[in-house]
Amino acid sequence: MASSVAENGVLTIGADEDGSRLDRVLSRHLGVGHRALILRLIRKGNVRLNKKRCKPETHVAAGDQVFLPVSLREPDTMERAPVSASLLGKMASIPVLYEDDSLLVVNKPAGMVVHGGSGHEAGLIEALKQSRGLDDLRLAHRLDRDTSGVLLMAKHLDALRRLTESFRERDMQKTYFALIAGHPYAHAGRMSSNLAKGVVRGGERMVVDSEEGKASVTDYQVMIEYERHGFPYAMVALNPHSGRTHQLRVQLQHEGHPILGDGKYGEKAQLAAYKSLGGKGLMLHAWRLRFTHPVSGKSLECKAPWSDNWNLLLG
């Protein structure tokens, strides 16, 4: 039995969600883009589990009844922002890296949001749902708008739940490539931070290293060093062990080596030098994702080639 919402706003937990945390159930049902709203409403007591107040981390069982306020009752409406003709037209050219009855993996281009919200009417997920007729398509993880590369999606809830568990248990291996300012002294190492988001600095919301933040760890390896017109930069491979917002961007900036093209965390002089070389956009790419298939149990590896604008700086 799958989870379903009645007209009175009661979500009955199905067998496919037995034992899951409440916040994760609602995120899968409504879409990860609404996680902040979900957490806020649970903590305010607007969401009730079997007519009682509950916490986001409360585990649910098959047959449990969850009362949802009006703002959480229509996942299709929430997920399906209007999709423009221009965005739909781009879907045919999105490279598909892997696809079967349970999964869809694509090479997301830089500059495209993955879902609607935050000032964007619609994103990649909404456009793929409409263009491919995949009503149940859900994001298994997220990439920033300006980050390109491997993006994993699930075509049904059971696959999504298992993928979510794999991410949580760190069974997935993610490798990013980045071009960074300067030459790191150590050619390999580990970056550890406590990252907190939503901090306002200079009128802009930033992610910062703070004692109140969440533990974030990334291993790095310098691949190649360059120097052009007196400007040193390097290509690094990054293996994050956590998935915090802007994690790689903030950690590299704290190391004194911000990612090239990062207008949010980079320094003006480095941005100017990068542009003088013909650089454009954020040079962060999700290159490889290794994971266990949620249905077959087989090991999968998906790789996404970087876009042509990288070759200008790598030659």
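This is a short dialogue on how to read some features of a predicted model.

Biologist: Where do we start with a pair of packed helices?

Modeller: Two packed helices are described by the angle between their axes and the distance between the axes.

Biologist: At what angle do the axes of helix H1 and helix H2 cross here?

Modeller: Helix H1 covers residues 22–30, and helix H2 covers residues 35–44. Their axes cross at roughly 140 degrees and come within 10 Å. That makes H1 oblique to H2. The crossing of the two is right-handed.

Biologist: Which residues of H1 and H2 make the contact?

Modeller: From H1, they are Leu22, Asp23, Leu26, Ser27 and Leu30. From H2, they are Arg35, Ile38, Leu39 and Ile42.

Biologist: Now burial. Why is helix H7 described as largely enclosed by the rest of the structure?

Modeller: Count its buried residues. H7 spans residues 247–254, and six of its eight residues are buried, so the rest of the structure largely encloses H7. The buried ones are Gln247, Leu248, Arg249, Val250, Gln251 and Leu252.

Biologist: Which residues of helix H5 are buried?

Modeller: H5 runs over residues 124–132. Leu124, Ile125, Glu126, Ala127, Leu128 and Lys129 are buried there.

Biologist: What comes after these two helices?

Modeller: A glycine with a positive phi, in each case. Glycine 133 follows H5, with phi near 65 degrees. Glycine 256 sits just after H7, with a positive phi of about 85 degrees.

Biologist: How should I read the sign of phi in other residues?

Modeller: Most residues other than glycine have a negative phi. A positive value there deserves a look.

Biologist: What is the phi of asparagine 50, and where is this residue found?

Modeller: Asparagine 50 has a positive phi, near 50 degrees. This residue lies in the loop between strand E3 (48–49) and strand E4 (65–67). Its relative accessible area is 39%, so asparagine 50 is partly exposed.

Biologist: And histidine 229: buried or exposed?

Modeller: Histidine 229 counts as exposed, at 77% relative accessibility. Its phi is positive too, near 50 degrees. Look for histidine 229 in the loop between strand E12 (214–228) and strand E13 (231–240).

Biologist: How do E12 and E13 run, and how many bridges join them?

Modeller: They run antiparallel, joined by 10 bridges. One example is glutamate 227, whose bridge partner in E13 is proline 232. E12 and E13 form a hairpin with two residues between the strands. Histidine 229, with its positive phi, belongs to that hairpin.

Biologist: Can we follow one residue of E12 through its surroundings?

Modeller: Take alanine 215, which is placed in E12. Alanine 215 is partly exposed, with a relative accessible area of 47%. Leaving out residues up to four places away in sequence, alanine 215 touches Ser193, Asn194, Ser242 and Arg244.

Biologist: How far is alanine 215 from glycine 243?

Modeller: Their C-alpha atoms are separated by 10.0 Å. Along the chain, the two residues are 28 residues apart.

Biologist: Last topic: cysteines. What is a disulfide?

Modeller: A disulfide is a covalent bond between the sulfur atoms of two cysteines.

Biologist: How many disulfides does a search of the whole structure find?

Modeller: Zero.

Biologist: Is cysteine 54 buried or exposed, and what about cysteine 302?

Modeller: Cysteine 54 is buried, with a relative accessible area of 12%. Cysteine 302 is buried as well, at 5%. The cut-off for buried is under 20% relative accessible area.

Methods. Residues numbered from 1 in each chain as written. Predicted model: local features only at pLDDT ≥ 70, side-chain atom pairs only at ≥ 80, totals over all residues. Heavy atoms only, no water. Buried < 20%, exposed > 50% of the residue type's maximum accessible area, 1.4 Å probe, protein only. Helix = DSSP H or I, 4+ residues; strand = E, 2+ residues; numbered from the N terminus. Disulfide = S-S within 2.5 Å. Pairing = 2+ DSSP bridges. Axes fitted to C-alpha atoms, helices over the stretch in contact; angles between N-to-C directions. Parallel < 35°, antiparallel > 145°, perpendicular 65-115°, else oblique. Left-handed = near helix turned anticlockwise from the far one by under 90°. Contact = heavy atoms within 4.5 Å.
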